[in-house]
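Several terms are used to describe a protein chain, and each rests on a rule. The questions below ask how the terms apply to this one.

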Amino acid sequence: MSTASHGSPGNRETILEPDTYYACQRCTACCKWPGDVRLENEEIPRVAAFLDLSETEFLNRYTRLRTNRQGLSLLEKENHECIMLDGNSCRIHAVKPSQCAGFPNRWNFPGWRQVCEAKAIPMEEARQRGLTK
Ligand code: SF4
Ligand code: SF4
């Protein structure tokens, strides 16, 4: 995230609000903020395989250095949308980076609820509905 943007993942194992689960409503706002969509090294093989590309092809076609040059980011389009956003869908939803999967339950930022339509659900109910997997 060169600006506040897609966000800055902290500890992705930690649920920030253990009693509440925020269920993504696929509004796609977080796929349109300017900035890095961090791609971790261990995520590269599964995303490449999902797209039926070699790792080299995937890296050349869809990634760039992060703004801080400390790792890779997915590319963005000219309008700052993530390169993987296709209409209202993520092309790599099943294998999306942990930065994407972790928002807003594992990382977020002050004021995030003003820009994200995720719906608050009691954690127990979310678990019963299988939403937390
Ligand atoms: S901004 Fe929130 S509701 Fe919208 S796609 Fe991202 S996580 Fe889901
Ligand atoms: S990889 Fe998918 S979920 Fe993540 S920012 Fe791009 S379009 Fe959105």
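Q: Why is Asp52 called exposed in this predicted model?
A: The cut-off for exposed is 12 or fewer other C-beta atoms within 10 Å. Asp52 has 8, so Asp52 counts as exposed.

Q: Where does Asp52 lie, and what is its phi?
A: Asp52 lies in the loop between helix H1 (44-50) and helix H2 (55-62). Its phi is positive, about 60°, although Asp52 is not a glycine. Most residues other than glycine have a negative phi.

Q: What makes Arg26 partly exposed?
A: Arg26 has 13 other C-beta atoms within 10 Å. Exposed requires 12 or fewer and buried requires 20 or more, with partly exposed in between. The count for Arg26 is 13, so Arg26 is partly exposed. Arg26 also has a positive phi, about 55°, without being a glycine. Its place is in the loop between strand E1 (20-23) and E2.

Q: How do you know that the peptide bond between Phe103 and Pro104 is cis?
A: Its omega is about 0°, and the bond is cis. Most peptide bonds are trans. Pro104 is found in the loop between helix H3 (98-102) and strand E7 (119-122).

Q: Which residues are around ligand 1, and how do they divide by class?
A: Phe103 and Pro104 are among them, and so is Arg26. Others include Cys24, Cys27, Cys30 and Cys116. The shell divides into eight nonpolar, two polar and two charged residues.

Q: What surrounds ligand 2, and how is that shell made up by class?
A: The residues around ligand 2 include Cys31, Val37, Leu74, Cys82, Met84 and Lys96. The shell has 10 nonpolar, no polar and one charged residues. Lysine counts as charged, so Lys96 is the charged residue.

Q: Which residues have the most contacts inside the largest nonpolar core?
A: They are Val37, Leu39, Leu74, Cys82 and Met84, in a core of 14 residues. H1 and E4 each supply at least two residues of this core.

Q: What does Leu74 touch, not counting residues up to four places away in sequence?
A: Leu74 touches Val37, Leu39, Tyr62, Thr63, Cys82, Ile83 and Met84.

Q: How do you know that E2 and strand E4 (residues 72-74) pair?
A: Pairing needs at least two bridges. Two bridges join E2 to E4, so the strands pair, and they run antiparallel. In E4, the bridge partner of Arg38 is Ser73.

Q: In what order do the three strands of the open sheet stand, and why do E2 and E3 stand at the edges?
A: The order is E2-E4-E3, with antiparallel pairing. Strand E2 (38-39) and strand E3 (63-65) each have a single partner strand, so one side of each is left without a neighbour in the sheet.

Q: How many helices and strands does the chain have?
A: The chain has four helices and seven strands.

Q: Why is the chain called as compact as a globular protein of its length?
A: The radius of gyration is 15 Å, and the globule rule gives 14 Å for 133 residues. The two values are close, so the chain is as compact as a globular protein of that length. The C-alpha trace spans about 40 × 30 × 30 Å along its principal axes.

Q: What share of the 133 residues is buried?
A: Buried residues make up 23%.

Key. Residues are numbered from 1 along each chain as its sequence is written. Chains are lettered from A and ligands numbered from 1 in the order in which they are written. This is a predicted model: local features need pLDDT of at least 70, side-chain atom pairs count only at pLDDT 80 or more; totals for chains, interfaces and linings use all residues. A residue is near a molecule or strand if its C-beta atom, placed from the backbone, lies within 6 Å of it. The radius of gyration is taken over C-alpha atoms; the globule rule is 2.2 Å times the number of residues to the power 0.38. A nonpolar core is a set of buried Ala, Val, Leu, Ile, Met, Phe, Trp, Tyr and Cys residues joined through C-beta atoms within 7 Å. Two residues are in contact if their C-beta atoms, placed from the backbone, lie within 7 Å.
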